[in-house]
Amino acid sequence: MAQGRGSASHVVALGIALLCLLLLCEIGEAAVYTVGDSQGWTFNTVGWPKGKRFRAGDVLVFKYSSTAHNVVAVNAAGYSRCTTPRGSRVSKTGNDRIRLRKGTNYFICNFAGHCQAGMKIAVTAA
C-alpha cells in the first residue's frame, strides 16, 4: 500500500510541474514592444502602432525622461479630448511596463500640450 500512496504523490507532483510549464509557456508568448522604438515615448508617436499586431497580454515599455513626460492610461474620451479622467492610472518612472488588455488601450502624456502635440497612442489588442 505504501507504494500506491507514493505513486499518487508522484502523479500530483507531475501534474503540478506540467501546470507550471504551461503557465510559463503562455507567459513566454507575450511580446514586448518599446513604444516609439529607439526614440522612445515622445512627440508624434500617435502613428507608432500602425502595422503592428498586438495581443492581450503583450507588454508596452514606455521609455522617456521622467522629468519631462509621463504615461496615463485613459479611456476613449480622455484620448480624443487629451484629458485625464478621474481615477486614471498615471505612470512616471521613465521606464514603465504596461500589459495590454483585450480591446483598445489608450495612453497619453498629460503634461500641458504634450497629448495635443501627438504624444498619445491607441493600441488595439486581439
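Okay, let's start with a twist: the torsion about the S-S bond of C82 and C115 is about -70 degrees, so this disulfide is left-handed. The two sulfur atoms sit 2.1 Å apart, and a disulfide here is a pair of cysteine sulfur atoms within 2.5 Å. C82 belongs to the loop between α2 and β4 (89-91), C115 to the loop between β6 and β7 (120-125), so the pair links distant parts of the chain, 33 residues apart. The structure holds 1 disulfide.

Before I go on, some housekeeping. This is a predicted model, where local features need pLDDT of at least 70 and side-chain atom pairs count only at pLDDT 80 or more, while totals for chains, interfaces and linings use all residues. Residues are numbered from 1 along each chain as its sequence is written, and side-chain values use heavy atoms, with hydrogens and water left out.

Back to the cysteines: are they buried or exposed? C82 counts as buried at 18% relative accessibility, and C115 is buried too, at 3%. By buried I mean under 20% relative accessible area, with exposed over 50% and partly exposed in between (1.4 Å probe, protein chains only). Then there's C109, which is in no disulfide; its nearest cysteine sulfur, that of C115, is 8.3 Å away. C109 is buried as well, at 1% relative accessibility.

Now the overall layout. You'll find 2 helices and 7 strands, and along the sequence they come as α-β-β-β-α-β-β-β-β. Those are DSSP runs, numbered from the N terminus: helices are H or I with at least four residues, strands are E with at least two. The protein has 126 residues, and 33% of them count as buried. About 8100 Å² is exposed, with carbon and sulfur atoms supplying 57% of that; the areas come from the Shrake-Rupley method with a 1.4 Å probe, and for residues only the protein chains shown count as cover. As for contacts between residues at least 6 apart in sequence, 69% join residues at least 24 apart, a contact being heavy atoms within 4.5 Å.

Let's look at strand β2, residues 59-63. Of its 5 residues, 4 are buried, so β2 is largely enclosed by the rest of the structure. Which strands does β2 pair with? On one hand there's β1 (residues 32-34), running parallel to β2 and joined by 3 bridges; on the other there's β5 (residues 95-99), antiparallel, with 5 bridges. Pairing here takes at least two DSSP bridges between the strands. V59 takes part in both: its partner in β1 is V32, and its partner in β5 is R99.

Last topic, the rings. A search of the whole structure finds 6 aromatic pairs. One of them is Y79 with Y106, a tilted pair at 5.1 Å centre to centre and 45 degrees between the planes. Y79 lies in helix α2 (residues 76-81) and Y106 in strand β6 (residues 103-108), so the pair ties together parts 27 residues apart in sequence. For the cut-offs, rings of Phe, Tyr and Trp (its six-membered ring) pair if their centres lie within 6.5 Å; planes under 30 degrees apart are stacked, over 60 edge-to-face, and the rest tilted.

Y79 is buried at 14% relative accessibility, whereas Y106 is partly exposed at 21%. And what lies over the face of Y79? That's K120, 4.4 Å from the ring centre; the rule is NZ of Lys or CZ of Arg within 6 Å of the centre and within 35 degrees of the ring normal. Elsewhere, Y33, W48 and F54 form one aromatic cluster.
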